[in-house]
Amino acid sequence: MANIEKRLSAFNDVALLIGRILIALLFLIAAYNKLKGLGGSTAYFTKLGVPAPSIAAPVVAAFELIAGIMVLAGYKTRCAALAIAVFVVTAALLAHTNFADANQLNHFTKNLAIAGGCLALFVSGAGAFSMDAKMGRSWF
């Protein structure tokens with residue numbers, strides 16, 4: 001059993017890198033789409049009742065862009081992952097609570113799954129293939 005775990009541990013850093021890439025990709029694409037269609041994002045935020053939607057939309061897009069880059073690079077990964085987890089739970093509670101609509105329920109649970117992945121990244125750290133590892137940083 002120890003031999004199997006030793007072999008699997010060699011893949012941990014690769015798995016963390018792939019996980020970081022996949023999480024970052026989601027937020028980088030979301031930021032791009034929000035910035036590309038800022039008027040539509042602002043209108044959607046208005047519909048949701050977000051305060052100051054013309055300010056909130058670009059701030060959210062900037063957060064998604066910066067957090068996505070941080071996770072992708074593995075820079076202050078634990079902090080970025082925790083911030084993303086809080087962000088996606090907040091977004092789920094704000095925008096996806098019409099559980100009678102199967103699509104909204106799917107988005108809600110997907111956001112919770114993203115938060116779960118980010119919490120796992122928060123606990124594990126970025127792994128060896130990251131700026132955090134290069135800088136000798138393990139916590140914030």
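This dialogue walks through a pocket, a nonpolar core and one helix of a predicted model.

Reader: What should I know before reading the model?

Author: This is a predicted model, in which local features need pLDDT of at least 70 and side-chain atom pairs count only at pLDDT 80 or more, while totals for chains, interfaces and linings use all residues. Residues are numbered from 1 along each chain as its sequence is written, and side-chain values use heavy atoms, with hydrogens and water left out.

Reader: What volume does the largest pocket have, and which residues lie nearest its centre?

Author: Rolling a probe the size of a water molecule over the atoms shows where empty space is left. On a 1 Å grid over the protein atoms alone, a pocket is an open set of points where a 1.4 Å probe fits, with protein on both sides within 12 Å along at least five of seven lines, and lining residues have an atom within 4 Å of a point. Here the largest pocket has a volume (the space filled by probe spheres set on the points, which are joined across faces, edges and corners) of about 690 Å³. Its lining has 24 residues, and Lys34, Glu64, Phe87, Ala91 and His96 lie nearest the centre. Helix H5 gives the most to this lining, with six residues; helices are DSSP runs of H or I, at least four residues long, numbered from the N terminus.

Reader: Which residues have the most contacts inside the largest nonpolar core?

Author: In soluble globular proteins, nonpolar side chains tend to be buried together. A nonpolar core is a set of buried Ala, Val, Leu, Ile, Met, Phe, Trp, Tyr and Cys residues joined through side-chain atoms within 4.5 Å, where buried means under 20% relative accessible area with a 1.4 Å probe, protein chains only. The largest such core has 17 residues, and Ile23, Phe27, Val71, Ile84, Val88, Cys118 and Leu121 have the most contacts inside it. At least two of its residues come from each of H2, H4, H5 and H6.

Reader: Is glutamate 64 buried or exposed, and which residues does it touch?

Author: Glutamate 64 lies in helix H4 and counts as buried, because its relative accessibility is 4%. Leaving out residues up to four places away in sequence, glutamate 64 touches Phe27, Leu28, Ala30, Ala31, Lys34 and Phe87, contact meaning heavy atoms within 4.5 Å. What covers the buried residues of H4 includes H2, H3, H5 and H6.

Note on methods: Buried < 20%, exposed > 50% of the residue type's maximum accessible area, 1.4 Å probe, protein only.
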